[in-house]
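The following paragraphs walk through part of a predicted model. They begin with one strand and its partners and end at the ligand.

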Amino acid sequence: MKVERETMTEIIYLNGRLLERSQATLSPFDHGFLYGYGVFETMRSYGGHIFRLDRHLARLRRSLASLGLPDDIIAAPDPAAGGQALETACLKVIEANGIKDARIRLTVTAGEGDMTPNPGTCLEPTVLVTARNLVPFPEDRYAEGYTATLSSIRRNSRSPLSRLKSTCYLENVLARSEAHALGCDEAVLLNEADYVAEGSTANIFLVRDGQLITPSVESGILPGITREAVIEIARAHNINTAERQVELTQLVESDEAFVTNSILQLMPLVRFQGRPIGSGKPGRVTETLLAAYSKLVSEEML
Ligand SMILES: Cc1ncc(COP(=O)(O)O)c(C=O)c1O
(Lines give C-alpha, C1' and ligand atoms only; values in the text may rest on other atoms or scores of the structure.)
Protein backbone atom coordinates (compact mmCIF):
# COMPACT_ATOMS: atom_id res chain seq x y z
CA MET A 1 0.00 0.00 0.00
CA LYS A 2 1.74 3.13 -1.18
CA VAL A 3 1.25 6.54 0.33
CA GLU A 4 2.76 9.06 -2.00
CA ARG A 5 4.97 11.64 -0.40
CA GLU A 6 3.87 14.89 -1.93
CA THR A 7 6.69 16.89 -3.41
CA MET A 8 4.35 19.81 -4.01
CA THR A 9 3.18 22.06 -1.21
CA GLU A 10 1.58 19.98 1.48
CA ILE A 11 -1.21 21.45 3.57
CA ILE A 12 -1.76 20.35 7.13
CA TYR A 13 -4.18 21.38 9.85
CA LEU A 14 -2.59 22.41 13.13
CA ASN A 15 -4.40 23.86 16.12
CA GLY A 16 -7.21 25.52 14.22
CA ARG A 17 -5.29 26.59 11.10
CA LEU A 18 -4.66 25.19 7.66
CA LEU A 19 -0.95 25.70 7.03
CA GLU A 20 1.77 24.85 4.59
CA ARG A 21 3.82 22.04 6.07
CA SER A 22 6.97 24.19 6.12
CA GLN A 23 5.18 26.68 8.39
CA ALA A 24 4.00 24.13 10.92
CA THR A 25 5.81 24.07 14.25
CA LEU A 26 5.31 21.77 17.20
CA SER A 27 6.51 22.54 20.70
CA PRO A 28 9.64 20.68 21.91
CA PHE A 29 7.74 20.41 25.21
CA ASP A 30 4.66 18.73 23.76
CA HIS A 31 3.77 15.82 26.03
CA GLY A 32 2.77 13.79 22.98
CA PHE A 33 6.42 13.93 21.95
CA LEU A 34 7.97 13.74 25.42
CA TYR A 35 5.74 11.07 26.97
CA GLY A 36 3.54 9.62 24.21
CA TYR A 37 0.58 11.33 25.84
CA GLY A 38 -1.84 11.42 22.94
CA VAL A 39 -4.15 9.49 20.66
CA PHE A 40 -4.65 9.26 16.93
CA GLU A 41 -6.92 7.96 14.22
CA THR A 42 -5.95 6.64 10.81
CA MET A 43 -8.73 6.97 8.28
CA ARG A 44 -9.22 6.32 4.60
CA SER A 45 -11.07 8.49 2.13
CA TYR A 46 -12.64 7.40 -1.11
CA GLY A 47 -13.44 10.09 -3.69
CA GLY A 48 -13.04 12.78 -1.03
CA HIS A 49 -15.33 11.11 1.54
CA ILE A 50 -13.89 9.65 4.71
CA PHE A 51 -15.25 6.19 5.50
CA ARG A 52 -17.06 6.20 8.85
CA LEU A 53 -15.53 9.48 9.95
CA ASP A 54 -18.24 9.75 12.63
CA ARG A 55 -17.11 6.43 14.18
CA HIS A 56 -13.47 7.45 14.11
CA LEU A 57 -14.35 10.70 15.87
CA ALA A 58 -16.49 8.85 18.42
CA ARG A 59 -13.60 6.47 19.17
CA LEU A 60 -11.21 9.43 19.45
CA ARG A 61 -13.60 11.18 21.82
CA ARG A 62 -13.83 8.06 24.04
CA SER A 63 -10.04 7.71 24.00
CA LEU A 64 -9.50 11.36 24.91
CA ALA A 65 -11.98 11.08 27.77
CA SER A 66 -10.30 7.95 29.10
CA LEU A 67 -6.93 9.74 29.11
CA GLY A 68 -8.37 12.80 30.84
CA LEU A 69 -7.90 14.97 27.76
CA PRO A 70 -10.60 17.44 26.66
CA ASP A 71 -12.98 15.59 24.34
CA ASP A 72 -15.10 18.63 23.45
CA ILE A 73 -12.55 19.69 20.80
CA ILE A 74 -14.11 17.14 18.44
CA ALA A 75 -17.34 19.05 17.98
CA ALA A 76 -16.17 22.53 18.93
CA PRO A 77 -16.62 25.17 16.22
CA ASP A 78 -13.37 25.82 14.48
CA PRO A 79 -12.57 29.04 12.61
CA ALA A 80 -10.08 27.36 10.23
CA ALA A 81 -12.72 24.88 9.19
CA GLY A 82 -15.16 27.69 8.40
CA GLY A 83 -16.66 27.77 11.89
CA GLN A 84 -17.41 24.07 11.79
CA ALA A 85 -16.14 21.08 13.67
CA LEU A 86 -12.98 18.98 13.47
CA GLU A 87 -14.91 16.71 11.14
CA THR A 88 -14.81 19.50 8.55
CA ALA A 89 -11.12 20.12 9.26
CA CYS A 90 -10.34 16.52 8.19
CA LEU A 91 -12.26 16.98 4.95
CA LYS A 92 -10.65 20.38 4.33
CA VAL A 93 -7.16 18.91 4.57
CA ILE A 94 -7.90 16.41 1.81
CA GLU A 95 -9.50 19.10 -0.31
CA ALA A 96 -6.66 21.60 0.28
CA ASN A 97 -4.15 18.98 -0.91
CA GLY A 98 -6.23 18.25 -4.01
CA ILE A 99 -6.44 14.53 -3.19
CA LYS A 100 -9.45 12.25 -3.06
CA ASP A 101 -8.22 8.80 -2.08
CA ALA A 102 -6.15 9.41 1.00
CA ARG A 103 -4.69 8.15 4.22
CA ILE A 104 -5.68 10.70 6.84
CA ARG A 105 -4.18 10.93 10.28
CA LEU A 106 -5.77 12.92 13.09
CA THR A 107 -3.56 13.27 16.15
CA VAL A 108 -4.45 14.88 19.46
CA THR A 109 -1.88 15.20 22.23
CA ALA A 110 -1.92 16.76 25.69
CA GLY A 111 0.05 19.68 24.22
CA GLU A 112 2.85 21.74 25.70
CA GLY A 113 3.62 21.30 29.38
CA ASP A 114 6.43 21.14 31.90
CA MET A 115 9.53 19.00 31.42
CA THR A 116 8.07 16.51 33.91
CA PRO A 117 5.43 13.83 33.26
CA ASN A 118 2.72 15.94 34.85
CA PRO A 119 -0.15 16.40 32.41
CA GLY A 120 -1.67 18.97 34.76
CA THR A 121 0.90 21.42 33.36
CA CYS A 122 -0.44 21.04 29.79
CA LEU A 123 -2.72 23.92 28.93
CA GLU A 124 -3.97 23.36 25.37
CA PRO A 125 -4.12 20.09 23.42
CA THR A 126 -2.28 19.89 20.12
CA VAL A 127 -4.56 18.91 17.23
CA LEU A 128 -2.96 17.87 13.96
CA VAL A 129 -4.48 16.52 10.73
CA THR A 130 -2.33 15.29 7.84
CA ALA A 131 -3.35 13.53 4.63
CA ARG A 132 -1.50 11.89 1.79
CA ASN A 133 -2.53 10.31 -1.44
CA LEU A 134 -3.16 6.58 -1.07
CA VAL A 135 -2.54 4.12 -3.88
CA PRO A 136 -4.31 0.92 -2.76
CA PHE A 137 -2.78 -2.51 -3.19
CA PRO A 138 -3.68 -4.13 -6.50
CA GLU A 139 -6.14 -7.04 -6.50
CA ASP A 140 -3.22 -9.47 -6.95
CA ARG A 141 -1.95 -8.59 -3.49
CA TYR A 142 -5.30 -9.58 -1.99
CA ALA A 143 -5.29 -12.81 -4.02
CA GLU A 144 -1.81 -13.58 -2.70
CA GLY A 145 -2.70 -12.71 0.91
CA TYR A 146 -0.57 -11.90 3.95
CA THR A 147 1.83 -14.06 5.89
CA ALA A 148 2.25 -13.70 9.64
CA THR A 149 4.61 -14.65 12.41
CA LEU A 150 4.22 -14.82 16.17
CA SER A 151 5.42 -11.67 17.86
CA SER A 152 7.66 -11.73 20.92
CA ILE A 153 5.66 -8.74 22.17
CA ARG A 154 2.52 -9.28 24.27
CA ARG A 155 -0.61 -7.22 24.67
CA ASN A 156 -1.55 -6.51 28.24
CA SER A 157 -5.32 -6.86 28.25
CA ARG A 158 -5.45 -5.14 31.64
CA SER A 159 -3.76 -2.00 30.37
CA PRO A 160 -6.12 0.73 29.18
CA LEU A 161 -3.60 1.38 26.39
CA SER A 162 -4.43 -1.92 24.70
CA ARG A 163 -7.86 -0.52 23.78
CA LEU A 164 -6.59 2.89 22.59
CA LYS A 165 -4.86 4.05 19.46
CA SER A 166 -2.34 5.94 21.51
CA THR A 167 0.75 7.75 20.30
CA CYS A 168 2.67 5.22 22.46
CA TYR A 169 2.75 3.04 19.35
CA LEU A 170 6.24 1.66 19.84
CA GLU A 171 5.20 -1.92 20.63
CA ASN A 172 3.25 -1.99 17.37
CA VAL A 173 6.19 -0.56 15.44
CA LEU A 174 8.59 -3.12 16.95
CA ALA A 175 6.20 -6.03 16.35
CA ARG A 176 5.78 -4.97 12.74
CA SER A 177 9.53 -4.59 12.21
CA GLU A 178 10.10 -7.99 13.81
CA ALA A 179 7.66 -9.57 11.32
CA HIS A 180 9.19 -7.74 8.36
CA ALA A 181 12.70 -8.81 9.38
CA LEU A 182 11.48 -12.42 9.13
CA GLY A 183 9.98 -11.77 5.70
CA CYS A 184 6.38 -11.74 6.97
CA ASP A 185 3.71 -9.11 6.46
CA GLU A 186 2.15 -9.12 9.91
CA ALA A 187 2.82 -10.10 13.49
CA VAL A 188 0.29 -11.90 15.69
CA LEU A 189 0.34 -10.59 19.25
CA LEU A 190 -0.90 -12.76 22.09
CA ASN A 191 -2.05 -11.32 25.39
CA GLU A 192 -0.61 -12.08 28.82
CA ALA A 193 -2.89 -15.12 29.14
CA ASP A 194 -1.67 -16.63 25.83
CA TYR A 195 -4.86 -15.82 23.90
CA VAL A 196 -4.69 -14.18 20.48
CA ALA A 197 -5.11 -10.40 20.69
CA GLU A 198 -4.44 -8.69 17.36
CA GLY A 199 -1.94 -7.87 14.65
CA SER A 200 0.61 -5.07 14.92
CA THR A 201 -1.65 -2.72 12.95
CA ALA A 202 -4.80 -4.75 12.41
CA ASN A 203 -7.53 -6.85 13.99
CA ILE A 204 -7.65 -10.59 13.37
CA PHE A 205 -10.54 -12.79 12.24
CA LEU A 206 -10.73 -16.51 11.61
CA VAL A 207 -13.33 -18.83 10.15
CA ARG A 208 -13.96 -22.31 11.57
CA ASP A 209 -16.79 -24.54 10.41
CA GLY A 210 -18.59 -21.58 8.87
CA GLN A 211 -18.40 -19.48 12.04
CA LEU A 212 -16.61 -16.12 12.00
CA ILE A 213 -14.56 -15.62 15.16
CA THR A 214 -12.60 -12.61 16.35
CA PRO A 215 -10.84 -11.91 19.68
CA SER A 216 -13.10 -10.01 22.07
CA VAL A 217 -12.25 -6.45 23.12
CA GLU A 218 -11.42 -7.91 26.56
CA SER A 219 -8.59 -9.85 24.89
CA GLY A 220 -6.68 -6.54 24.77
CA ILE A 221 -7.38 -5.18 21.30
CA LEU A 222 -8.11 -1.89 19.62
CA PRO A 223 -11.84 -1.99 18.79
CA GLY A 224 -11.30 -1.41 15.06
CA ILE A 225 -13.73 0.57 12.94
CA THR A 226 -13.21 -1.98 10.14
CA ARG A 227 -13.72 -4.85 12.61
CA GLU A 228 -17.05 -3.34 13.59
CA ALA A 229 -18.11 -2.97 9.93
CA VAL A 230 -17.08 -6.58 9.19
CA ILE A 231 -19.14 -7.90 12.12
CA GLU A 232 -22.14 -5.89 10.87
CA ILE A 233 -21.72 -7.25 7.33
CA ALA A 234 -21.30 -10.84 8.54
CA ARG A 235 -24.50 -10.63 10.60
CA ALA A 236 -26.36 -9.16 7.61
CA HIS A 237 -25.15 -12.19 5.60
CA ASN A 238 -26.38 -14.57 8.32
CA ILE A 239 -22.84 -15.66 9.10
CA ASN A 240 -22.67 -16.82 12.70
CA THR A 241 -20.24 -14.47 14.43
CA ALA A 242 -18.51 -14.70 17.80
CA GLU A 243 -16.31 -12.26 19.73
CA ARG A 244 -14.45 -14.32 22.29
CA GLN A 245 -11.11 -15.57 23.59
CA VAL A 246 -9.17 -17.23 20.76
CA GLU A 247 -6.40 -19.78 21.26
CA LEU A 248 -3.42 -19.68 18.94
CA THR A 249 -4.07 -23.26 17.79
CA GLN A 250 -7.56 -22.21 16.74
CA LEU A 251 -6.07 -19.55 14.49
CA VAL A 252 -3.42 -21.90 13.10
CA GLU A 253 -5.97 -24.67 12.46
CA SER A 254 -8.70 -22.40 11.11
CA ASP A 255 -10.28 -22.84 7.69
CA GLU A 256 -9.49 -19.25 6.77
CA ALA A 257 -8.26 -16.08 8.41
CA PHE A 258 -7.88 -12.41 7.61
CA VAL A 259 -6.78 -9.12 9.15
CA THR A 260 -8.60 -5.80 9.03
CA ASN A 261 -7.79 -2.13 9.26
CA SER A 262 -9.07 1.10 7.71
CA ILE A 263 -6.38 1.21 5.03
CA LEU A 264 -6.21 -2.48 4.08
CA GLN A 265 -9.93 -3.23 4.54
CA LEU A 266 -9.80 -7.08 4.74
CA MET A 267 -6.55 -8.82 3.86
CA PRO A 268 -6.54 -12.64 3.73
CA LEU A 269 -4.03 -14.23 6.11
CA VAL A 270 -2.79 -17.30 4.29
CA ARG A 271 0.29 -18.47 6.19
CA PHE A 272 1.40 -18.45 9.81
CA GLN A 273 4.99 -19.29 10.78
CA GLY A 274 5.51 -20.76 7.31
CA ARG A 275 2.49 -23.11 7.51
CA PRO A 276 -0.62 -22.60 5.39
CA ILE A 277 -3.82 -21.49 7.08
CA GLY A 278 -6.63 -23.60 5.59
CA SER A 279 -5.88 -24.11 1.90
CA GLY A 280 -3.15 -21.44 2.01
CA LYS A 281 -5.31 -19.30 -0.27
CA PRO A 282 -7.95 -16.63 0.47
CA GLY A 283 -11.08 -18.43 1.66
CA ARG A 284 -14.66 -18.18 0.44
CA VAL A 285 -16.03 -16.39 3.52
CA THR A 286 -13.14 -13.90 3.42
CA GLU A 287 -13.80 -13.16 -0.25
CA THR A 288 -17.54 -12.75 0.38
CA LEU A 289 -16.89 -10.33 3.23
CA LEU A 290 -14.28 -8.37 1.27
CA ALA A 291 -16.68 -7.93 -1.65
CA ALA A 292 -19.46 -6.90 0.76
CA TYR A 293 -17.13 -4.42 2.46
CA SER A 294 -16.28 -2.80 -0.90
CA LYS A 295 -20.00 -2.58 -1.62
CA LEU A 296 -20.64 -0.98 1.76
CA VAL A 297 -17.89 1.58 1.10
CA SER A 298 -19.43 2.50 -2.28
CA GLU A 299 -22.91 2.76 -0.76
CA GLU A 300 -21.81 4.90 2.18
CA MET A 301 -19.54 7.11 0.08
CA LEU A 302 -22.30 8.10 -2.40
C1 LIG B 1 -3.20 -2.22 16.80
C2 LIG B 1 -4.31 -2.02 15.83
N3 LIG B 1 -5.37 -2.84 15.88
C4 LIG B 1 -6.40 -2.71 15.03
C5 LIG B 1 -6.40 -1.72 14.04
C6 LIG B 1 -7.57 -1.60 13.11
O7 LIG B 1 -8.32 -0.44 13.39
P8 LIG B 1 -9.23 0.27 12.32
O9 LIG B 1 -10.08 -0.78 11.69
O10 LIG B 1 -10.03 1.24 13.12
O11 LIG B 1 -8.34 0.94 11.32
C12 LIG B 1 -5.33 -0.84 13.96
C13 LIG B 1 -5.30 0.20 12.95
O14 LIG B 1 -4.29 0.77 12.63
C15 LIG B 1 -4.26 -0.99 14.88
O16 LIG B 1 -3.20 -0.17 14.86
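A convenient place to start is a single pair of residues: Arg208 has Gln211, in β12, as its bridge partner. This pair belongs to the pairing of strand β11, residues 203-208, with β12, which is antiparallel and spans three bridges. The hairpin that β11 and β12 form has two residues between the strands. Asp209 in that hairpin adopts a positive phi near 50°.

Strand β12 itself covers residues 211-215 and is mostly covered, with four of its five residues buried. A residue is counted as buried here when at least 20 other C-beta atoms lie within 10 Å of its own.

β12 also pairs with strand β13, residues 241-244. These two strands run parallel and are joined by four bridges. Within β13, Arg244 is the residue that stands opposite Pro215. To get from β12 to β13 the chain passes through α6, and the resulting β-α-β crossover is right-handed.

The helix of that crossover leads on to the ligand. How many residues surround the ligand, and which are the closest? The shell consists of 14 residues, and the closest are Leu222, Gly224, Ile225, Thr226 and Ser262. Two elements, α6 (225-236) and β14 (256-261), each give two or more residues to this shell. Of the elements, α6 gives the most, with three residues. By residue class, the shell around the ligand has nine polar, three nonpolar and two charged members.

Taken together, α6 both carries the chain from β12 to β13 and gives three residues to the shell around the ligand.

Notes. Residues numbered from 1 in each chain as written. Predicted model: local features only at pLDDT ≥ 70, side-chain atom pairs only at ≥ 80, totals over all residues. Near = placed C-beta within 6 Å. Nonpolar A, V, L, I, M, F, W, Y, C, P; charged D, E, K, R; others polar. Buried ≥ 20, exposed ≤ 12 C-beta atoms within 10 Å, placed from the backbone. Pairing = 2+ DSSP bridges. Right-handed = clockwise from strand over helix to strand, strands pointing away.
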